[in-house]
Amino acid sequence: MNDTATALQSFEHLKPELTSFCYRMMGSMDDADDVVQETRIRVWQKWDTFRQESSYKTWVFRIASNLCLDKLRQTKRRTMPVDLSDPAVSIIEPRETLPEYSWIWPAPDVADSPEDIFVRKENLQLCFLALLQTLPPRQRAILILKDVFDWSSKQIADVLGTTAAAVNSALQRARETMDRANLRSNELSTMDVEPDQDLLSRYVEAFEQFDVDSLVALFHEEGSMSMPPFTMWVHGKEHLAQFFELTRWHCEGSHFIPITVNGGYPALAQYVPDPKQQALVPWGIHVIEMKDNKIFHVHNFINKKLFTQAGLPEQIHR
């Protein structure tokens, strides 16, 4: 086996950790996969330039970090609907959307993939990803490598081409920024760590039967729902009931497939009837935050790419 083949084989061992790092940096598994693939290409192209002045791992992470930083300079901060605006005052069908690159997206877990095995070791709450997005890209990289991956300041300095002192200074600023961040999604960090499987089952039953009264009864008094890429989000039982009735025409007859996202957190893939064919088609991935045995927030991520990433079927026959 030649040296280049050995380098690429070593890259495959690093890929789970690299993917997990890039997902936290970018806020989207689609973007993270693009960065990892581009990193692999550059490792292959630049292998002859690797002088072993640092470890192979440091060299690869330096390439990936620079790619992330370059891409992030060209984009705005990703966010979540609850952090972007106040809840809807009047309940109408959502219309206003923002481009895909505006939002934080969940990372569907794929069974037996090395990414899934590594990601499960770390906390990947959506609210933590939202907090990370408040940081300048270099500070974000430093905080992830230090606080999530437990790298030394010297290792991080080698990756980012700086000094350990500069890393420590940036880390302090990053932590202060996150402490000061006044994000509404921060409330979700206090949610129940272990999801209530019985509550999930009742949610599926009520939604598939589209029993609005039973569905709304599952929500906390301060319960809410968001639907990226739509900017609109709904807060409170009364408005939730109005919204479900308003969207009955679209959601009645839905079917859910249970999946896991962001390191093993249960989620539900929603399929809706397609009037043009006798089938159900992908609509949204429901990630449900719970509090006091009630539903506190439903993130309904409406993005068909998430279904593809999770290896879900393109349609379900009725």
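This passage describes selected helices and residues of a predicted model.

Helix α2 covers residues 29-46 and contains 18 residues. From its first C-alpha to its last, α2 reaches 25 Å, which is close to the 26 Å expected at 1.5 Å a residue. At the start of this helix, a side-chain oxygen of S28 comes to within 3.2 Å of the backbone nitrogen of D30. The buried residues of α2 are M29, A32, V35, V36, T39 and V43. When the helix is viewed down its axis, these buried residues fall within an arc of 115°, so they line one face of α2. W44 and Q45 lie on the other side of α2 and are exposed.

V35 of α2 is also among the contacts of K71, a residue found in helix α3 (residues 56-73). Leaving aside neighbours within four places in sequence, K71 is in contact with M26, V35 and E38. K71 has a relative accessible area of 30% and is therefore partly exposed, as this class lies between the 20% limit for buried residues and the 50% limit for exposed ones. The C-alpha atoms of K71 and P137 are 9.8 Å apart in space, while the two residues are separated by 66 residues in sequence.

P137 is the residue at which helix α7 (residues 137-148) begins. This helix has 12 residues and reaches 15 Å between its first C-alpha and its last, close to the 16 Å expected at 1.5 Å a residue. The buried residues of α7 are Q139, R140, A141, I142, L143, I144, L145 and V148. After α7 comes D150, which has a positive phi, near 60°.

The packing of α7 against helix α8 (residues 153-160) was examined next. Two packed helices are described by the angle between their axes and the distance between the axes. The axes of α7 and α8 come within 10 Å and cross at roughly 140°. The crossing in which α7 passes α8 is right-handed. On the α7 side, the contact is made by R138, I142, L145 and K146, and on the α8 side by S153, I156, V159 and L160. Of the α7 residues in this contact, I142 and L145 are listed as buried in the model.

P108 is placed in the loop between α4 (81-84) and α5 (114-119). With a relative accessibility of 10%, P108 counts as buried, since the limit for this class is under 20%. P108 touches T260, V261, L306, Q309 and A310, when residues up to four places away in sequence are not counted. P108 and D30 are 78 residues apart in sequence, and their C-alpha atoms are 11 Å apart in space.

H286 is found in strand β5, which spans residues 279-291. The relative accessible area of H286 is 1%, so this residue is buried. Two polar contacts of the H286 side chain are described here. One joins H286 to the side chain of Q270 at 2.7 Å, and the other is made with the side chain of N300 at 3.5 Å. Not counting residues up to four places away in sequence, H286 touches Y203, F207, F256, A267, L268, Q270, V298, H299 and N300. Q270 and N300 thus appear both among the residues touched by H286 and as its polar partners.

Note on methods:
Residues are numbered from 1 along each chain as its sequence is written. This is a predicted model: local features need pLDDT of at least 70, side-chain atom pairs count only at pLDDT 80 or more; totals for chains, interfaces and linings use all residues. Side-chain values use heavy atoms; hydrogens and water are left out. Helices (H or I, at least four residues) and strands (E, at least two) are DSSP runs, numbered from the N terminus. Buried means under 20% relative accessible area, exposed over 50%, partly exposed in between (1.4 Å probe, protein chains only). Contact means heavy atoms within 4.5 Å. The expected span of a helix is 1.5 Å times one less than its number of residues. The arc is that of the directions from the helix axis to the C-beta atoms. A polar contact is a pair of N or O atoms within 3.5 Å; within protein, one must be able to donate a hydrogen and the other to accept it, and residues adjacent in sequence count only if both atoms are side-chain atoms. Axes are lines fitted to C-alpha atoms, for helices over the stretch in contact, and angles run from 0 to 180 degrees between N-to-C directions. A crossing is left-handed if the near helix is turned anticlockwise from the far one by less than a right angle, and right-handed if clockwise.
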